[in-house]
Amino acid sequence: MIRGYLIRHSMTGSNALGRYAGKRTDEALSTEGISLCLDRIYPQTDVVYTSPMRRCIQTAGLLYCGKKPVIREQFAECDFGIFEGKNYKELSGEPEYQKWIASNGTLPFPEGESREEFQVRCLEGFCLCIEHCIQYQYKSFAMVVHGGTIMSILDGFAIPHRDYFHWQVKNLEGYEIETDEKQWASGRREIYVRREGTDIWK
């Protein structure tokens, strides 16, 4: 079995203000976000994968000091289009936002990505990571990525299946997962969630 940890990056200024910070907003961690990383001990792993965005690379460097991450471009956050950089209060009078809310988040982000497009690339990136682990016989990994990336991966592969929004996590929270490398190599791509939230760091 290969054991993995899916970890959402630490706090940014946009997170604190409830703003949509996607692929177009490559911000660093806030002072609070840096401090939060220093308060916890995370399981050490054979390899660390990250999104190409600064908030993820910076978080990985603090949690896994001295371990150079493997960057996966597919793990970049979703492109939120015209919602980028705004919060729900600022968007409350925007007709496109009301349509998106009414669709339960299933409509594409105006001038951005659809959930399907985002999920396809996240799943592609995850598959590349598992294949990398199998190739080099790694038995454990960490992925320091975005909340939406985690939701996409688990919605696509977790057994038993849960809806996309079921897998939401806060900053520095995540999931401990396992997958059977032999089954994966044979085409049976399944993830088993073992622990979630902050429990995985204890």
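Me: What makes β1 and strand β4 a pair, and in which sense do they run?

Reply: Two strands pair if at least two bridges are found between them, and β1 has six bridges to strand β4 (residues 140–145), so the criterion is met. The two strands run parallel. One position to look at is Leu 6, which stands opposite Met 143 in β4. Please keep in mind that this is a predicted model.

Me: What makes β1 and strand β6 a pair as well, and in which sense?

Reply: The same test applies: at least two bridges are needed, and β1 and β6 (residues 174–179) share six, in the antiparallel sense. Within β6, Glu 178 is the bridge partner of Arg 3.

Me: Why is strand β1 called mostly covered?

Reply: A residue is buried when its relative accessible area is under 20%. Six of the seven residues in β1 (residues 2–8) are buried.

Me: How do you know that Glu 178 and Arg 3 form a salt bridge?

Reply: The closest N and O atoms of Glu 178 and Arg 3 are 2.9 Å apart, and the cut-off is 4 Å, so the pair qualifies as a salt bridge. Glu 178 lies in strand β6 and Arg 3 in strand β1, so this contact ties together parts that are 175 residues apart in sequence.

Me: Are these two partners buried or exposed, and what are the values for Glu 178 and Arg 3?

Reply: Glu 178 has a relative accessibility of 12%, which is under the 20% limit, so Glu 178 counts as buried. Arg 3 comes to 35%, between 20% and 50%, and is therefore partly exposed.

Me: What makes Arg 194 a salt-bridge partner of Glu 178?

Reply: Here the closest N and O atoms are 3.1 Å apart, again within the 4 Å limit. Arg 194 is in strand β7 (residues 191–197) and Glu 178 in strand β6, so the pair joins parts that lie 16 residues apart in sequence. With 45% relative accessibility, Arg 194 counts as partly exposed.

Me: Which residues do salt bridges with shared partners join into one network?

Reply: The network is made of Arg 3, Glu 176, Glu 178, Arg 194 and Arg 195. The count for the model comes to ten salt bridges.

Me: How do you know that Arg 24 and Asp 79 meet in a salt bridge?

Reply: Their N to O distance is 2.8 Å, and the rule asks for a value within 4 Å. The pair links distant parts of the chain, 55 residues apart: Arg 24 sits in the loop between α1 (13–16) and α2 (31–38), Asp 79 in the loop between β3 (70–71) and α4 (88–91). Arg 24, at 48% relative accessibility, is under the 50% mark for exposed and so counts as partly exposed. Asp 79 has 16%, which makes it buried.

Me: Why are helix α6 and helix α7 called roughly perpendicular?

Reply: The axes of α6 (residues 115–136) and α7 (residues 147–157) cross at roughly 80° and come within 9 Å. Angles of 65 to 115 degrees count as roughly perpendicular, and α6 and α7 therefore receive that label.

Me: Which residues of α6 and α7 meet?

Reply: On the α6 side they are Phe 118, Gln 119, Cys 122, Leu 123, Phe 126 and Cys 127; on the α7 side they are Gly 148, Thr 149, Ser 152, Ile 153, Asp 155, Gly 156 and Phe 157. The contact divides into seven nonpolar residues, five polar and one charged.

Me: What makes α7 mostly covered?

Reply: Ten of the eleven residues in α7 are buried. Among them are Ile 150, Met 151 and Leu 154.

Me: What is notable about the peptide bond from Ile 159 to Pro 160?

Reply: Most peptide bonds are trans. This one is cis, with omega near -5°, and Pro 160 lies in the loop between β5 (158–159) and β6.

Me: Where is Leu 172, and is it buried or exposed?

Reply: Leu 172 is in the loop between β5 and β6. Its relative accessible area is 0%, under the 20% limit, so Leu 172 is buried. Leu 172 also has a positive phi of about 65° although it is not a glycine.

Me: What makes Glu 111 exposed?

Reply: Glu 111 has a relative accessible area of 67%, over the 50% mark, so it is exposed. Its phi is near 65°, a positive value in a residue other than glycine, and Glu 111 lies in the loop between α5 (95–102) and α6.

Technical notes. Residues numbered from 1 in each chain as written. Predicted model: local features only at pLDDT ≥ 70, side-chain atom pairs only at ≥ 80, totals over all residues. Heavy atoms only, no water. Buried < 20%, exposed > 50% of the residue type's maximum accessible area, 1.4 Å probe, protein only. Helix = DSSP H or I, 4+ residues; strand = E, 2+ residues; numbered from the N terminus. Axes fitted to C-alpha atoms, helices over the stretch in contact; angles between N-to-C directions. Parallel < 35°, antiparallel > 145°, perpendicular 65-115°, else oblique. Contact = heavy atoms within 4.5 Å. Nonpolar A, V, L, I, M, F, W, Y, C, P; charged D, E, K, R; others polar. Salt bridge = Lys/Arg side-chain N within 4 Å of Asp/Glu carboxyl O.
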